[in-house]
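Dear colleague,

I am passing on the structure below, together with some notes on what turned up in it. Please read them with the sequence and the coordinates open beside you.

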Amino acid sequence: MLAVHFGAGNIGRGFIGSLLSDAGYQVCFVDVNAEIVDLLNEKQEYRVVLAAENSEETTVRNVKAINSLQNPEEVLEAIAAADLVTTAVGPNILGIISELIANGLKKRTERRNQPLNIIACENMIGGSSFLKEKVYEKLSDAEKKQFDQCFAFPNAAVDRIVPNQTNEDKLMVSVEPFYEWVVDRSKIIGEVPTIEGVTFVEDLTPFIERKLFTVNTGHAIAAYAGYQAGLETIKDAMEDPDVLRLVRATLTETGAVLVKKYNFDSTEHMNYVNKIVSRFTNPHINDEIPRVARGPIRKLGPNDRLISPAKQYYQYLEGQPENLAKGIAAALRYDYPEDQEAITLQSKVKEMGYEETICKVCGLQEGDPLVELIIRELN
Ligand SMILES: NC(=O)C1=CN([C@@H]2O[C@H](COP(=O)(O)OP(=O)(O)OC[C@H]3O[C@@H](n4cnc5c(N)ncnc54)[C@H](O)[C@@H]3O)[C@@H](O)[C@H]2O)C=CC1
Ligand SMILES: O=P(O)(O)OC[C@H]1O[C@](O)(CO)[C@@H](O)[C@@H]1O
């Protein structure tokens with residue numbers, strides 16, 4: 001069995017590639033990082049080490065890689081032969097890889113009539129659906145019909161903290177022990193793949209919202225508030241009483257929305273929140289704030305981890321999401337000079353002021369109570 005995985009980065013090697021290899025797939029990574037691609041082809045294996053007391057280590061074997069900049073034709077061949085395609089490249093890159101995926105799938109339809117699932121493993125709602133849209137933009141109406149018969153893009157939620165790696169062994173990845181990979185079974189075409197560690201569910205929405213509005217909201221708040229407090233790592237941020245208080249208060253707000261919307265058991269949900277807060281404070285993980293804060297414009301988007309739960313707070317509850325607004329204000333102030341989105345965000349603020357920036361970046365309307373609440377926090 002062959003799995004073609006786009007993105008041999010932290011989550012690609014440290015999570016998706018590792019589970020797929022354990023499930024018996026040969027994993028063919030596709031990446032633009034020549035050093036990583038060459039090393040993967042040279043060694044054909046890499047180490048995954050658990051960031052925990054016992055530093056348990058496993059070796060992921062039977063892997064290879066293609067440099068999509070140098071050998072795009074090879075990528076098309078791999079897609080034509082694949083039993084599964086997955087991605088972990090970042091939401092902004094999905095549009096870029098969609099051309100190769102479209103062409104690979106076209107090649108496949110010329111060769112064989114075998115169904116294929118393409119699963120985007122990104123921190124976003126509807127990642128695979130978005131990738132499908134981008135792929136379909138490149139097709140004729142007849143090709144779209146043909147693709148509908150053969151290919152599916154089930155959405156997924158992936159959760160494992162894999163910080164940026166600074167190991168001497170460039171392929172080795174240090175990962176937290178916890179992981180969760182949930183896939184929308186209702187959209188799978190053909191046989192449901194057997195991958196230990198993947199949970200297939202009929203309705204993904206509660207899972208992805210629970211994950212995005214808890215792990216990712218909490219992490220983002222720790223990062224943006226921690227940055228404003230002059231701190232360097234998530235661990236430092238979580239040790240700061242003010243940041244910790246804000247993270248917990250925010251997760252109480254998102255938790256209240258989730259419990260109301262999905263009828264979750266509130267005690268169980270609080271246990272989930274506590275587990276996540278303890279993951280953020282894992283002493284074996286050195287997670288720098290700029291990694292977790294990266295891409296503030298994306299993270300401030302209307303359907304992402306900060307604005308979406310804040311909007312839903314008004315929909316499902318009484319009162320206002322005061323703490324989410326504090327976190328959003330910290331995100332709007334994020335000015336890390338090595339983050340291109342932070343630079344763009346700050347130039348928008350300079351040019352248009354906060355109100356217009358919030359409306360444009362967060363997709364909110366002037367006069368919306370959430371806009372007013374955020375502005376209050378910024379003053
Ligand atoms: N690191 C983590 O803990 C988690 C990350 N994610 C999600 O996984 C995705 C990837 O994140 P990370 O692995 O942390 O990032 P990363 O930066 O470590 O990995 C991304 C990889 O994609 C590659 N890439 C960039 N452009 C490409 C292209 N055009 N074609 C093929 N490969 C390309 C990069 O060279 C890099 O190796 C993101 O959507 C992130 O939100 C989800 C859960 C956990
Ligand atoms: O990968 P993104 O969306 O930029 O955000 C970083 C987030 O991803 C994670 O790496 C994994 O969920 C978290 O550590 C963090 O909340």
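Phe264 sits in the loop that runs between α9 (241–262) and α10 (266–280), in what is a predicted model. Phe264 counts as partly exposed because it has 16 C-beta neighbours inside 10 Å, a number that falls short of the 20 needed for a residue to be called buried. When residues up to four places away in sequence are not counted, Phe264 touches Leu258, Val259 and His269. Its C-alpha atom is also separated by 9.3 Å from that of Pro206, although the two residues are 58 residues apart along the chain.

Turning to the ligand, there are 25 residues around ligand 1, of which Gly7, Gly9, Ile11, Glu122 and Asn123 come nearest. By class, this shell is made up of 14 nonpolar, eight polar and three charged residues. At least two residues of the shell come from each of α1 (10–22), β2 (26–31) and α4 (91–111), and α4 gives the largest share, with four residues.

The unreviewed UniProt entry carries a "binding site" annotation that covers, among others, Gly7, Gly9, Ile11, Gly12 and Arg13. Gly12 belongs to helix α1 and counts as buried, because 25 C-beta neighbours lie inside 10 Å; leaving out residues up to four places away in sequence, Gly12 touches His5, Gly7, Gly17, Phe29 and Ala88. Arg13 lies in helix α1 as well, and it too counts as buried, with 29 C-beta neighbours inside 10 Å. Beyond its neighbours within four places in sequence, Arg13 is in contact with Ala8, Tyr46, Leu171 and Val173.

With best wishes

Note on methods: Residues numbered from 1 in each chain as written. Chains lettered and ligands numbered in written order. Predicted model: local features only at pLDDT ≥ 70, side-chain atom pairs only at ≥ 80, totals over all residues. Buried ≥ 20, exposed ≤ 12 C-beta atoms within 10 Å, placed from the backbone. Contact = placed C-beta atoms within 7 Å. Near = placed C-beta within 6 Å. Nonpolar A, V, L, I, M, F, W, Y, C, P; charged D, E, K, R; others polar. UniProt positions renumbered as here; feature names shortened; annotations may be inferred.
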